[in-house]
Number of protein chains: 2
Amino acid sequence: MSKKNNSVEVICPLDYAFRRIGGKYKGRILWYLKSNEVMRYGELKRAVTDITTKMLTQTLRELEEDALISRKVYHELPPKVEYSLTDEGAEMLPFIDYLRHWGAKQMEKREMVDLKC
Amino acid sequence: MSKKNNSVEVICPLDYAFRRIGGKYKGRILWYLKSNEVMRYGELKRAVTDITTKMLTQTLRELEEDALISRKVYHELPPKVEYSLTDEGAEMLPFIDYLRHWGAKQMEKREMVDLKC
DNA sequence: TGCCCTAGATACCAGAAGGTTACTATTGTT
DNA sequence: AACAATAGTAACCTTCTGGTATCTAGGGCA
């Protein structure tokens, strides 16, 4: 998320992992990419209903920097950019699945309404 | 984390789950509780080396509100309070394990120093 | 009497994360 | 000539998260 590249970072792996997949939209983006193999910028924008272009771009850049997704630019007009999971990103899927199910179960228990996302 | 109890919350289970276990120290606290069965406030304070009393108390309250840990007060002097995982909290452990290992692997790949926490 | 212990509470503050709005380039279409 | 479509940028502002510092109760102990 943030990048304090001053000297050697000594941190807890759990914190590190959380920072890499935390953030308001990262989980959902990875999730959508799982189901769709490859998605264009606009498709993602429509999928993550409440995201703004600023946040989408920013989040995609962070995920790319972290090697969880890859970005393929087609030099065409109008522009076309495709996003897909990398192998490292795909490794996060079991974990995302687990969290989704757990979250859904908890929400049910609390009678919260599940916005199927 | 935050509680905006205005009307019915309609959210994505993934977001919901992230909010419940996100936060700077939640993962680590759950992790320590896993290894120790039950821990006192002061023990946790010493375990989570960089946490302040404010953040520890706040985080414990949130975890308790979310039913991930339980809090047992002994009415003694000096005070004694024990924290332990609930069943729901224990359900998070596989996920925490997964994240920890993934984080450790990634850190190794990036030659970062693992502060064993 | 004053200091230590435990398990916090409280007020105030800084910085990070995220939101809003407007703007960009380039080509095809009407 | 104006507009649509795509994939963004940039400046600015607000909110949220976490940090700092100080204070609490109530008994044991020197």
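Two residues are in contact here if their C-beta atoms, placed from the backbone, lie within 7 Å. Helices (H or I, at least four residues) and strands (E, at least two) are DSSP runs, numbered from the N terminus. The structure is a predicted model, in which local features need pLDDT of at least 70 and side-chain atom pairs count only at pLDDT 80 or more, while totals for chains, interfaces and linings use all residues. Residues are numbered from 1 along each chain as its sequence is written, and chains are lettered from A and ligands numbered from 1 in the order in which they are written.

**Contact between the chains**

Chain B and chain A each bring 30 residues to their contact. On the side of chain B, the elements giving two or more residues are strand S1 (10-11), helix H1 (13-21), H2, helix H6 (93-109) and strand S5 (113-114). H6(B) provides the largest share of that side, with 10 residues. By class, the side of chain B that touches chain A comprises 22 nonpolar, three polar and five charged residues; Ala, Val, Leu, Ile, Met, Phe, Trp, Tyr, Cys and Pro count as nonpolar, Asp, Glu, Lys and Arg as charged, and the others, Gly among them, as polar.

Two helix crossings belong to this topic. Axes are lines fitted to C-alpha atoms, for helices over the stretch in contact, with angles running from 0 to 180 degrees between N-to-C directions. The axes of H6(A) (residues 93-109) and H1(B) come within 7 Å and cross at roughly 90°. H6(A) and H1(B) are therefore roughly perpendicular to each other, a term that covers angles of 65 to 115 degrees. From H6(A), Ile96(A), Leu99(A), Arg100(A), Trp102(A), Gly103(A), Ala104(A) and Met107(A) meet Pro13(B), Leu14(B), Tyr16(B) and Ala17(B) of H1(B). This contact of H6(A) with H1(B) has nine nonpolar, one polar and one charged residues.

For the other pair, the axes of H1(A) and H6(B) come within 7 Å, crossing at roughly 90°. H1(A) is thus roughly perpendicular to H6(B). Here Pro13(A), Leu14(A), Tyr16(A) and Ala17(A) meet Ile96(B), Leu99(B), Arg100(B), Trp102(B), Gly103(B), Ala104(B) and Met107(B).

Helix H1 of chain A (residues 13-21) is largely enclosed by the rest of the structure, because eight of its nine residues are buried. A residue is buried if 20 or more other C-beta atoms lie within 10 Å of its own, exposed if 12 or fewer, and partly exposed in between, the C-beta atoms being placed from the backbone. The buried residues of H1(A) include Asp15(A) and Arg20(A). Just after H1(A), Gly23(A) adopts a positive phi of about 95°.

**Surfaces near the DNA**

A residue is near a strand of DNA if its C-beta atom, placed from the backbone, lies within 6 Å of that strand. The two surfaces are set out below.

| DNA strand | Residues around the strand | Closest residues |
|---|---|---|
| D | 19 residues | Gly42(A), Pro78(A), Pro79(A), Val81(A), Lys24(B) |
| C | 20 residues | Lys24(A), Gly42(B), Pro78(B), Pro79(B), Val81(B) |

H4(A) contributes the largest share of the surface near DNA strand D, three residues. The surface near DNA strand D divides into eight nonpolar, six polar and five charged residues, and the surface near DNA strand C has eight nonpolar, seven polar and five charged residues. At least two residues of the surface near DNA strand C come from each of H4 of chain A and helix H3 (41-47), H4 and strand S4 (80-85) of chain B.

Pro78(A) follows a cis peptide bond from Leu77(A), with omega near -5°, and lies in the loop between strand S3 (69-74) and S4 of chain A. In chain B, the bond from Leu77(B) to Pro78(B) is cis, with omega near -5°; Pro78(B) lies in the loop between strand S3 (69-74) and S4 of that chain.

**Local features of chain B**

Lys34(B) is situated in helix H2 (residues 26-36) and counts as partly exposed, with 15 C-beta neighbours inside 10 Å. Not counting residues up to four places away in sequence, Lys34(B) touches Leu85(B) and Leu93(B). Its C-alpha atom is separated by 9.2 Å from that of Gly89(B), 55 residues apart along the chain.

Glu37(B), in the loop between H2 and strand S2 (38-40), has a positive phi of about 70° although it is not a glycine. Glu37(B) is exposed, with 9 other C-beta atoms within 10 Å. Glu111(B), in the loop between H6 and S5, has phi near 55°, a positive value in a residue other than glycine. Glu111(B) is exposed, with 7 other C-beta atoms within 10 Å.

Note on methods
Parallel < 35°, antiparallel > 145°, perpendicular 65-115°, else oblique.
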